[in-house]
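Welcome, and please open your viewer with the cartoon display switched on. We will go from one selection to the next, and at each stop you will hear what is there.

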Amino acid sequence: MKMPEKSPEFWAGVLLALREHGLAMMLTFILSYIRIQLYGDQPSIVRALLEAAAGALLVMIVGLAVNQAGLNLAWTLLAAGFVGVLGIEQVRVLSKRWAARKVEGL
């Protein structure tokens, strides 16, 4: 079985996703890093960079989902600002609360 990271199609897909959602990812990274430095959320620079990078990856995933849903890039940029300003921990808490309400409604 061929490993996906060795396939040219895999890397072409990654580059396409970065090209389409790179602006939103960069926005998230910068906003997250500024928020972390402003409020002192993370004690070390490495943790601050890792959280900012995790937020950028989360926005890329949201961007791919937005594309599959047939929505435009503005929703990805909205998610980028949301994740960048609130941080991934707060987004996790809010999404967990939202999911619990959806499950209760079933």
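## First stop: a glutamate

Select Glu51 to begin: Glu51 is buried, at 13% relative accessible area (buried means under 20% relative accessible area, exposed over 50%, and partly exposed in between, with a 1.4 Å probe and protein chains only). Glu51 sits in helix H2, residues 45–69 (helices are DSSP runs of H or I with at least four residues, strands are runs of E with at least two, and both are numbered from the N terminus). Show its surroundings next: not counting residues up to four places away in sequence, Glu51 touches Arg35, Ile36, Gln42, Gly87 and Ile88 (contact means heavy atoms within 4.5 Å).

Before you move on, a word on the model. It is a predicted one, in which local features need pLDDT of at least 70 and side-chain atom pairs count only at pLDDT 80 or more, while totals for chains, interfaces and linings use all residues. Residues are numbered from 1 along each chain as its sequence is written, and side-chain values use heavy atoms, with hydrogens and water left out.

## Zoom out

Now select the whole protein. Its secondary structure comes to four helices and zero strands, in the order α-α-α-α from the N terminus. Along the principal axes, the C-alpha atoms fill a box of roughly 45 × 45 × 30 Å. Of the 106 residues, 25% count as buried. Among contacts with a separation of 6 or more, 60% join residues 24 or more positions apart.

## Ala52, in the same view as H2

Ala52 is also placed in helix H2. Is Ala52 buried or exposed? At 0% relative accessibility, Ala52 counts as buried. Leaving aside neighbours within four places in sequence, Ala52 is in contact with Phe29, Ser32, Tyr33 and Ile36. Try a distance label too: Ala52 and Ile34 are 18 residues apart in sequence and 9.3 Å apart in space, C-alpha to C-alpha.

## H1 against H3

Colour helix H1 (residues 8–39) and helix H3 (residues 73–86). They pack at an angle of about 15°, with axes 7 Å apart (axes are lines fitted to C-alpha atoms, for helices over the stretch in contact, and angles run from 0 to 180 degrees between N-to-C directions). H1 and H3 are therefore roughly parallel to each other (angles under 35 degrees count as roughly parallel, over 145 as roughly antiparallel, 65 to 115 as roughly perpendicular and the rest as oblique). Residues to show as sticks include Glu20, His21 and Ala24 in H1, and Leu73, Thr76 and Ala80 in H3. The residues of this contact divide into ten nonpolar, six polar and two charged (Ala, Val, Leu, Ile, Met, Phe, Trp, Tyr, Cys and Pro count as nonpolar, Asp, Glu, Lys and Arg as charged, and the others, Gly among them, as polar).

Stay with His21, which lies in helix H1. His21 is buried, with a relative accessible area of 1%. Beyond its neighbours within four places in sequence, His21 is in contact with Met60, Gly63, Leu64, Asn67, Leu73 and Thr76.

## H2 against H3

Which way does H2 run relative to H3? Their axes come within 9 Å and cross at roughly 155°. That makes H2 roughly antiparallel to H3. In H2, Gly55, Leu58, Val59, Val62, Gly63 and Val66 meet Trp75, Thr76, Ala79, Ala80 and Val83 in H3. By class, the contact of H2 with H3 has eight nonpolar, three polar and no charged residues.

## The core

Select Ala24, Val59, Ala80, Val83 and Val91 together: these five residues make up the largest nonpolar core (a set of buried Ala, Val, Leu, Ile, Met, Phe, Trp, Tyr and Cys residues joined through side-chain atoms within 4.5 Å). Setting aside neighbours within four places in sequence, Ala24 is in contact with Val59, Thr76, Leu77 and Ala80. In soluble globular proteins, nonpolar side chains tend to be buried together.

## H3, H4 and the end of the chain

Next, add helix H4 (residues 88–104), which packs against H3 at an angle of about 115°, with axes 6 Å apart. That makes H3 roughly perpendicular to H4. Phe82, Val83 and Leu86 of H3 make the contact with Ile88, Gln90, Val91 and Leu94 of H4.

Finish at Leu106, in the segment after H4. At 88% relative accessibility, Leu106 counts as exposed. The C-alpha atoms of Leu106 and Val93, 13 residues apart along the chain, are separated by 21 Å.
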